Amino acid sequence: DTISQAQIQVGTIASKNQQKLAAPAIKVNKSSASSENYLFVNSKLLGSKESLVLWKQSSVIDVYDLVKNRYEFSFYVEDIGKSKLRTFQV
């Protein structure tokens with residue numbers, strides 16, 4: 001995904017002198033798991049270099065190296081019929 005900062009909308013309730021979220025925050029990741037030095041993230045958003053057609057027919061797993069603190073690669077898990085990936089383990 002291309003989000004580098006939290007995308008939230010803050011509103012002010014003048015009568016109470018309070019600030020609250022004006023809208024729900026965007027959910028970026030569906031789920032994640034880790035194994036050894038790697039973090040696996042099932043992204044909810046289309047990445048800037050991903051095919052829209054492929055993204056609609058599968059679930060994307062992004063892999064990050066936690067020791068090197070960097071993105072490594074992504075892979076796709078194809079949908080079964082119209083069913084998307086709900087959970088996963090590594």
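Two strands are taken to pair if DSSP finds at least two bridges between them. In this predicted model, strand β3 (residues 29-35) and strand β4 meet that condition, because six bridges join them. The two strands run antiparallel. At one point along the pairing, S35 has Y38 in β4 as its bridge partner. Together β3 and β4 form a hairpin, with two residues between them.

The turn of this hairpin deserves a closer look. E36 lies in the loop between β3 and β4, and its phi is near 50°, a positive value in a residue other than glycine. Most residues other than glycine have a negative phi. E36 is also exposed, because its relative accessible area is 77% and the cut-off for that class is over 50%. A comparable description applies to N69, found in the loop between β5 (58-65) and β6 (70-78). The phi of N69 is near 55°, again positive in a residue other than glycine. With a relative accessibility of 69%, N69 counts as exposed.

Back in the hairpin, strand β4 covers residues 38-43 and includes N42. Is N42 buried or exposed? Its relative accessibility is 1%, so N42 counts as buried, the limit for that class being under 20%. The surroundings of N42 can be listed in full: leaving aside neighbours within four places in sequence, N42 is in contact with N29, K30, S31, S59, V60, I61, L85 and F88.

One of these partners, F88, leads to the nonpolar interior. Which residues make up the largest nonpolar core? There are five in all, namely A33, F40, I61, V63 and F88. In soluble globular proteins, nonpolar side chains tend to be buried together. Not counting residues up to four places away in sequence, F88 touches the core members A33, F40 and I61. The other residues that F88 touches are S31, S32 and N42.

Nonpolar side chains also appear on the surface. I8, V10 and L21 make a nonpolar surface patch of about 290 Å². I8 is placed in the segment before β1 (9-13), and a relative accessible area of 47% makes I8 partly exposed. Strand β1 itself holds I13, which counts as partly exposed at 30% relative accessibility. Apart from its neighbours within four places in sequence, I13 is in contact with Q18 and K20.

Turning to charged side chains, the count comes to two salt bridges. In one of them, R70 is joined to E72, with the closest N and O atoms 2.7 Å apart. R70 counts as partly exposed at 42% relative accessibility, and E72 likewise counts as partly exposed, at 30%. The other salt bridge is formed by the side chains of D79 and K84, with an N to O distance of 3.3 Å. Here the partners fall into separate accessibility classes: D79 counts as buried at 18% relative accessibility, whereas K84 counts as partly exposed at 34%. The value for D79 is under 20%, so D79 is placed in the buried class.

Terms used: Residues are numbered from 1 along each chain as its sequence is written. This is a predicted model: local features need pLDDT of at least 70, side-chain atom pairs count only at pLDDT 80 or more; totals for chains, interfaces and linings use all residues. Side-chain values use heavy atoms; hydrogens and water are left out. A salt bridge is a side-chain nitrogen of Lys or Arg within 4 Å of a carboxyl oxygen of Asp or Glu. Buried means under 20% relative accessible area, exposed over 50%, partly exposed in between (1.4 Å probe, protein chains only). A nonpolar core is a set of buried Ala, Val, Leu, Ile, Met, Phe, Trp, Tyr and Cys residues joined through side-chain atoms within 4.5 Å. Contact means heavy atoms within 4.5 Å. Patches are made of residues with over 30% relative accessible area and no salt bridge: like charges are joined within 9 Å, nonpolar side chains (Val, Leu, Ile, Met, Phe, Trp, Tyr) within 5 Å. Accessible areas come from the Shrake-Rupley method with a 1.4 Å probe; for residues, only the protein chains shown count as cover. Helices (H or I, at least four residues) and strands (E, at least two) are DSSP runs, numbered from the N terminus.
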